[in-house]
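Hi,

Here is the structure I promised to pass on. Have a look at it first, and then read my notes below.

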Amino acid sequence: MSKANSMSRSASAALGIAGGLIAGVIFKQTWRLIARDDDTPDAGDLERSWAEVLIAATLQGAISGAVKAALNRGYLLHSQHDDEVE
């Protein structure tokens, strides 16, 4: 079994929750800097333009993906290091 498939369910769940929280904070701060607006748009916000909603969704997805990749890779590298120490 590869390291990528050996992540425990509890670790995966914890990383998912932490990653979602971290990504949400980063996205809100990034949107505040880019749009100079505290309110982040979502698909149901009919007062926002298509462009604004799609740009926000793309940015949010990119940030979420990057945070998830960073957390998973960090966990796997840490696990690999622990296996080498034993």
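A word you'll need straight away: a residue is buried if its relative accessible area is under 20%, exposed if over 50%, and partly exposed in between, using a 1.4 Å probe and protein chains only. Two bits of housekeeping as well. This is a predicted model, where local features need pLDDT of at least 70 and side-chain atom pairs count only at pLDDT 80 or more, while totals for chains, interfaces and linings use all residues. Residues are numbered from 1 along each chain as its sequence is written, and side-chain values use heavy atoms, with hydrogens and water left out.

Let's start with Arg-48. Is Arg-48 buried or exposed? With a relative accessibility of 15%, Arg-48 is buried, because the cut-off for that is under 20%. You'll find Arg-48 in the loop between helix 1 and helix 2 (50-85); helices here are DSSP runs of H or I with at least four residues, strands are runs of E with at least two, and both are numbered from the N terminus.

Which residues does Arg-48 touch, if you skip those up to four places away in sequence? They are Trp-31, Asp-37, Asp-39, Thr-40, Pro-41 and Val-53, where contact means heavy atoms within 4.5 Å.

Now for the charged pairs. I call something a salt bridge when a side-chain nitrogen of Lys or Arg is within 4 Å of a carboxyl oxygen of Asp or Glu. By that rule there are five of them. Here are three that involve Arg-48:

- Asp-37 pairs with Arg-48, with 3.1 Å between the closest N and O atoms. Both residues sit in the loop between helix 1 and helix 2, so this pair ties together parts that are eleven residues apart in sequence. Asp-37 itself is partly exposed, at 26% relative accessible area.
- Asp-39 meets Arg-48 in a salt bridge too, at 3.1 Å from N to O. Asp-39 is partly exposed, with a relative accessible area of 42%.
- Glu-52 forms a salt bridge with Arg-48, the closest N and O atoms being 2.7 Å apart. Glu-52 counts as partly exposed, at 24% relative accessibility.

Put together, a network of salt bridges links Asp-37, Asp-39, Asp-45, Arg-48 and Glu-52.

On to helix 1. How does its length compare with what you'd expect? The expected span is 1.5 Å times one less than the number of residues, so the 27 residues of helix 1 should cover 39 Å, and the end C-alpha atoms are 37 Å apart, which agrees. Just after helix 1 comes Arg-36, which has a positive phi, near 55°.

The buried residues of helix 1 are Ala-11, Leu-15, Gly-19, Ala-23, Phe-27 and Trp-31. It helps to know that an α-helix has 3.6 residues a turn, so residues three or four places apart point the same way.

Take Ala-23 from that list: it is found in helix 1 (residues 9-35) and has a relative accessible area of 5%. Beyond its neighbours within four places in sequence, Ala-23 is in contact with Ile-63, Ser-64 and Val-67. Ala-23 and Gly-65 are 42 residues apart in sequence, yet their C-alpha atoms are 8.6 Å apart in space.

Cheers!
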